[in-house]
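User: I want to check a few labels on this structure. Please give the reasoning behind each one.

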Amino acid sequence: MKAPLQSKIFRIVAEQAALINVKSYVIGGYVRDFFLKRSCTDIDIVVEGNGMEVASAVGSILKARVTLFKKFGTAMMCYKGMEIEFVGARKESYRSDSRKPIVENGTLEDDQKRRDFTINAMALSLAREDYGTLTDPFNGMDDLKRKIIRTPLDPDTTFSDDPLRMLRAIRFAAQLDFSIESDSFASIVRNASRIHIVSQERITVELQKIMAAPKPSKGFILLEKSGLLSLLLPQIASLKGVETMEGRGHKENFSHTMEVLDNVASESDNIWLRWAALLHDVGKPSTKHFDKELGWTFHGHDFIGSKMIPGIFRKLRLPLGEEMRYVQKLVQLHLRPVALVNEVSDSGVRRLLFEAGEDLDDLMLLCRADITSKNPRTVRRHLENFEQVSKKMARVEEKDAIRNFQPPISGEMIMKTFGLPPCREVGLIKDYIKEAILDGKIGNNLEEARQLMLERARELGISEVNA
Ligand code: CTP
């Protein structure tokens with residue numbers, strides 16, 4: 001089989017490699033994506049010889065900067081939005097305690113053998129005599145057609161050489177909607193504990209890619225089945241299972257979470273909203289309780305769950321700034337909209353609008369996604385309640401404009417009015433006004449807020465300057 005490699009870059013690599021009498025190939029992800037008709041901006045070139053020499057020659061023709069990694073014998077070049085990596089064909093062997101291989105020069109075949117999956121081991125020639133010809137010693141093309149992830153060698157060798165590949169297998173399965181061939185999967189199960197030699201940063205890169213997949217549940221279900229989930233995210237693994245007391249079972253929280261995650265993913269590419277979906281019920285296992293009258297309850301799982309988020313983000317080396325606070329907020333608030341269905345006054349709605357602020361739409365998307373049940377009548381009833389709450393929120397927001405609410409009296413105004421330095425009393429007065437507005441005791445305007453400020457200050461024994 002031949003592939004029409006039209007791009008100028010391939011022609012130039014071919015010419016330059018020919019000039020120094022070495023064979024070069026495009027290999028790996030680019031070839032896979034080429035046949036899958038997916039766009040790919042990373043190109044890996046393998047040279048049966050010195051990769052850095054070819055890279056330098058190509059760089060000077062294209063006037064592109066080449067970075068040489070002499071220690072590894074590789075080179076990297078950026079050209080027109082493409083990242084091109086050049087490497088000499090190599091043979092690798094690994095020690096059991098490290099991902100760092102012992103490397104020797106090798107042939108294309110040696111290089112293909114050391115790769116992770118058959119679909120990633122295909123190479124296209126860049127030599128003049130067979131330009132574009134596919135070398136596919138492990139039938140990667142068949143696997144591509146049958147949508148299968150399979151290791152080229154005995155999977156125990158491939159995975160123990162580099163345990164990150166277990167996660168890559170699952171990530172590709174989710175990303176491309178492929179299945180993992182049964183021997184390869186059985187080997188992941190056997191080797192799962194070896195994941196501990198992989199750095200958390202690399203693990204998290206793969207988790208993020210799983211999260212970004214069209215149906216992230218596919219990846220998380222495979223992680224669970226392989227035993228990797230309980231090593232990487234035990235808090236999610238422990239959502240699995242149903243306990244029964246007095247003949248009553250509760251919702252199976254892992255599959256529910258998977259459904260919520262896919263519901264959110266089908267509506268939004270926001271990776272942090274997807275994390276919030278994965279983690280929304282993470283507080284359930286530790287709050288689970290059986291009550292003879294109420295049955296199973298998970299009281300406070302929203303609060304406990306939100307408290308668990310920083311620990312999880314820290315362990316996964318996810319960002320601890322606004323992304324984490326956003327996830328925490330959504331986990332904490334995820335029960336609130338639906339709980340408002342029976343509330344007659346507007347104050348609960350106002351409070352939620354204030355707390356959710358600019359994340360309200362995301363919160364509502366999560367809450368809608370959280371409505372799952374095998375019983376269509378239950379789903380319909382919950383959806384009706386949800387619609388009712390949505391309307392109520394829209395009405396209150398239109399009337400009171402709470403969502404991006406800034407109290408009409410600032411801390412500075414309070415300090416100026418009473419001649420105060422920054423102190424506790426300023427905060428007390430400010431909060432009092434905010435609470436009164438959210439509770440609907442006064443309107444959201446300067447006049448009423450000013451009046452209340454004076455009253456509260458009087459109660460605190462503070463008098464106006466020049467009063
Ligand atoms: N590779 C490998 N084992 C790894 C990582 C990579 O064998 N742990 C090989 C595979 O042949 C892969 C190639 O190196 O195709 C390039 O790796 P990388 O750029 O990380 O992945 P891609 O397959 O290109 O896919 P993606 O860009 O989606 O990560």
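User: What makes the crossing of α7 and α10 worth a label, and which hand is it?

Analyst: This is a predicted model. In it, α7 passes α10 in a right-handed crossing. The axes of α7 (residues 164–176) and α10 (residues 216–226) come within 8 Å and cross at roughly 145°.

User: Which residues make that contact?

Analyst: From α7 come Leu167, Ile170, Ala173 and Ala174. From α10 come Lys218, Gly219, Leu222, Leu223 and Ser226. They divide into six nonpolar, two polar and one charged. Gly counts as polar here.

User: Why are α23 and α24 called oblique to each other?

Analyst: Their axes cross at roughly 130°. Roughly perpendicular ends at 115 degrees, and roughly antiparallel needs over 145. The helices α23 and α24 are therefore oblique. Their crossing is right-handed.

User: What makes up the contact of α23 with α24?

Analyst: Ile429, Tyr432, Ile433 and Ala436 in α23 meet Ala449, Leu452, Met453, Arg456 and Ala457 in α24. The split is eight nonpolar, no polar and one charged. Arg counts as charged, Tyr as nonpolar.

User: How do you know that Asp116 has a polar contact with the ligand?

Analyst: The cut-off is an N or O pair within 3.5 Å. A backbone N or O atom of Asp116 lies 2.8 Å from a ligand oxygen. That pair qualifies.

User: What do the side chains of Arg171 and Lys209 add?

Analyst: A polar side-chain atom of Arg171 lies 2.8 Å from an oxygen atom of the ligand. For Lys209, a side-chain N or O atom is 3.2 Å from a ligand oxygen.

User: Which residues come nearest to the ligand?

Analyst: Of the 13 around the ligand, Arg32, Asp116, Asn120, Asp162 and Arg171 come nearest.

Notes. Residues numbered from 1 in each chain as written. Predicted model: local features only at pLDDT ≥ 70, side-chain atom pairs only at ≥ 80, totals over all residues. Heavy atoms only, no water. Axes fitted to C-alpha atoms, helices over the stretch in contact; angles between N-to-C directions. Helix = DSSP H or I, 4+ residues; strand = E, 2+ residues; numbered from the N terminus. Parallel < 35°, antiparallel > 145°, perpendicular 65-115°, else oblique. Left-handed = near helix turned anticlockwise from the far one by under 90°. Contact = heavy atoms within 4.5 Å. Near = heavy atom within 4 Å. Polar contact = N/O pair within 3.5 Å; in protein donor to acceptor, adjacent residues only side chain to side chain.
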